[in-house]
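Thanks, everyone. I will take one structure today and go through it piece by piece, starting from a single residue.

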Amino acid sequence: PEEAEFYRREQGLAFAIYTDVKQTLEHDYGVTGLPYEVVVGASGRVRSTTVNFRRKVDVSGLKRELGS
């Protein structure tokens with residue numbers, strides 16, 4: 001959890017990062033690699049997923065995905 005928070009601050013992200021410590025969602029959704037990024041829109045619909053990302057967050061791309 002501390003690493004996720006450090007990453008969030010380092011990337012300048014204003015949204016929440018969920019850490020699945022008990023691996024509940026990993027099993028429920030068939031996560032195949034870590035880290036696993038899921039962008040969920042305001043409607044609750046999954047807008048995009050990314051596995052094993054090692055890049056700076058594309059804020060404009062996220063805004064497009066979320067319709068902002």
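Start with valine 38, which sits in strand β1. Before going further, note that this is a predicted model. Valine 38 counts as partly exposed because its relative accessible area is 39%, and the range for that class runs from 20% to 50%. Across the pairing, valine 38 stands opposite threonine 49 in β2.

Now the rest of that strand. β1 covers residues 36-40, and its side chains alternate between two faces. On one face are Glu37 and Val39, both buried. On the other are Tyr36, Val38 and Val40, and these three are not buried.

Glutamate 37 may catch your eye, as a glutamate in strand β1. Why does it count as buried? Its relative accessible area is 16%, and the class takes anything under 20%, so glutamate 37 falls inside it.

Which strand does β1 pair with, and in what sense? The partner is β2, residues 46-51, and the pairing is antiparallel, over five bridges. Valine 39, on the buried face, has serine 48 of β2 as its bridge partner. The hairpin that these two strands make has five residues between them, and within the hairpin glycine 44 has a positive phi, near 95°.

There is a second positive phi to mention, this time not at a glycine. Glutamine 23 has a phi near 60°. As background, most residues other than glycine have a negative phi. Glutamine 23 belongs to the loop between α1 and α2, and it is partly exposed because its relative accessible area is 37%.

That same loop, between α1 (2-11) and α2 (24-29), also holds tyrosine 18. Is tyrosine 18 buried or exposed? Exposed, because its relative accessibility is 60% and the class begins over 50%. Tyr18 joins Leu25 and Tyr29 in a nonpolar patch on the surface. Together the three have about 390 Å² of accessible area.

Next, the largest pocket. Its volume is about 1,300 Å³. How many residues line it? The count is 34, and those nearest the centre are Ile17, Tyr18, Tyr36, Glu37 and Val38. So we come back to two residues already discussed at length: Tyr18, from the patch, and Val38, where we started. The lining draws on both helices and strands: α1, α2, β1, β2 and α3, the last being residues 59-66, each give at least two residues to it.

Two distances go with this region. Valine 38 and isoleucine 17 are 21 residues apart along the chain, and their C-alpha atoms are separated by 9.6 Å. For glutamate 37 and aspartate 20, 17 residues apart in sequence, the C-alpha separation is 12 Å.

Last, the charged side chains. In general, side chains of opposite charge can pair when their charged atoms come close. How many salt bridges does the whole structure have? The search returns two.

One of them joins arginine 8 to glutamate 5, with an N to O distance of 2.7 Å. Both residues are in helix α1, three residues apart, which is about one turn of the helix. The other joins glutamate 5 to arginine 9, at 3.5 Å from N to O. That pair is also within α1, four residues apart, again about one turn. With partners shared between the salt bridges, Glu5, Arg8 and Arg9 form one network.

As for accessibility, arginine 8 is partly exposed because its relative accessible area is 21%, just as glutamate 5 is partly exposed at 30%. Arginine 9 is exposed, at 52%.

To recap: an antiparallel pair of strands, β1 and β2, a largest pocket with Val38 among the residues nearest its centre, and a salt-bridge network of Glu5, Arg8 and Arg9. I will stop there and take comments.

How values were computed
Residues are numbered from 1 along each chain as its sequence is written. This is a predicted model: local features need pLDDT of at least 70, side-chain atom pairs count only at pLDDT 80 or more; totals for chains, interfaces and linings use all residues. Side-chain values use heavy atoms; hydrogens and water are left out. Buried means under 20% relative accessible area, exposed over 50%, partly exposed in between (1.4 Å probe, protein chains only). Two strands pair if DSSP finds at least two bridges between them. Patches are made of residues with over 30% relative accessible area and no salt bridge: like charges are joined within 9 Å, nonpolar side chains (Val, Leu, Ile, Met, Phe, Trp, Tyr) within 5 Å. Accessible areas come from the Shrake-Rupley method with a 1.4 Å probe; for residues, only the protein chains shown count as cover. A salt bridge is a side-chain nitrogen of Lys or Arg within 4 Å of a carboxyl oxygen of Asp or Glu. On a 1 Å grid over the protein atoms alone, a cavity is a set of points where a 1.4 Å probe fits but cannot get out, and a pocket is an open set with protein on both sides within 12 Å along at least five of seven lines; lining residues have an atom within 4 Å of a point. Grid points are joined across faces, edges and corners, and a volume is the space filled by probe spheres set on the points.
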